[in-house]
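Here are my notes on the model you sent over. I've kept them as numbered points so you can go through them with the structure open.

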Amino acid sequence: MRSIQTMKEYIKTFNDEKLLNEFDLYRSIDDKQVNEVVYQQLIEYELYERRLLDHKLIEDSYEMEYAQ
């Protein structure tokens with residue numbers, strides 16, 4: 001597993017679209033290993049830093065509510 005600092009730097013290179021796609025991917029994994037949980041948390045933190053996390057969570061909630 002890469003060091004957390006290396007992973008943070010790698011995630012910072014993602015454009016917004018790739019970051020949001022990675023967020024969706026890691027949220028959809030049911031049985032996560034420790035490194036996947038850490039990676040997901042780093043993605044969430046980067047989304048938060050870019051002020052995209054709240055928007056994404058609201059969007060996902062809206063889609064789930066109206067998709068039924």
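**Notes on the model**

1. Starting with the surface: the protein exposes about 5,300 Å², and carbon and sulfur atoms supply 49% of that area. Keep in mind throughout that this is a predicted model.

2. On charge, I get 9 positive and 16 negative side chains. The centres of those two sets lie 6 Å apart.

3. How far can you trust the prediction? The mean pLDDT of the protein is 91, with 96% of its residues at 70 or more. Taking the elements one by one, α2 has the highest mean pLDDT, at 95, and α4 the lowest, at 90.

4. The fold is quick to describe: four helices and zero strands. Reading from the N terminus, the order is α-α-α-α. Along the principal axes, the C-alpha atoms fill a box of roughly 40 × 25 × 15 Å.

5. How much of the chain is buried? Of the 68 residues in the protein, 26% are. As for contacts, take those between residues at least 6 apart in sequence: 67% of them join residues at least 24 apart.

6. Helix α3 deserves a closer look. It covers residues 34–49, and its end C-alpha atoms are 23 Å apart. With 16 residues at 1.5 Å a residue, the helix should span 22 Å, so the model agrees with the expected length.

7. Which residues of α3 are buried? They are Val38, Tyr39, Gln40, Leu42, Ile43, Glu46 and Leu47. Note that Gln40 and Glu46 sit in that list alongside residues such as Leu42 and Ile43. The cover over these buried residues includes α1 (4–12), α2 (16–28) and α4 (53–66).

8. Gln40, which is found in helix α3, may be the one you want to click on. Why does Gln40 count as buried? Its relative accessibility is 12%, and the cut-off for buried is under 20%. Leaving out residues up to four places away in sequence, Gln40 touches Tyr26, Arg27 and Lys32.

9. One backbone detail to check while you are there: Arg51, just after α3, takes a positive phi of about 60°.

Note on methods
Residues are numbered from 1 along each chain as its sequence is written. This is a predicted model: local features need pLDDT of at least 70, side-chain atom pairs count only at pLDDT 80 or more; totals for chains, interfaces and linings use all residues. Side-chain values use heavy atoms; hydrogens and water are left out. Helices (H or I, at least four residues) and strands (E, at least two) are DSSP runs, numbered from the N terminus. The expected span of a helix is 1.5 Å times one less than its number of residues. Buried means under 20% relative accessible area, exposed over 50%, partly exposed in between (1.4 Å probe, protein chains only). Contact means heavy atoms within 4.5 Å. pLDDT is the predictor's confidence in each residue, from 0 to 100. Accessible areas come from the Shrake-Rupley method with a 1.4 Å probe; for residues, only the protein chains shown count as cover. Lys and Arg count as positive and Asp and Glu as negative; His and the chain ends are not counted. The place of a charge is taken as NZ of Lys, CZ of Arg, CG of Asp or CD of Glu.
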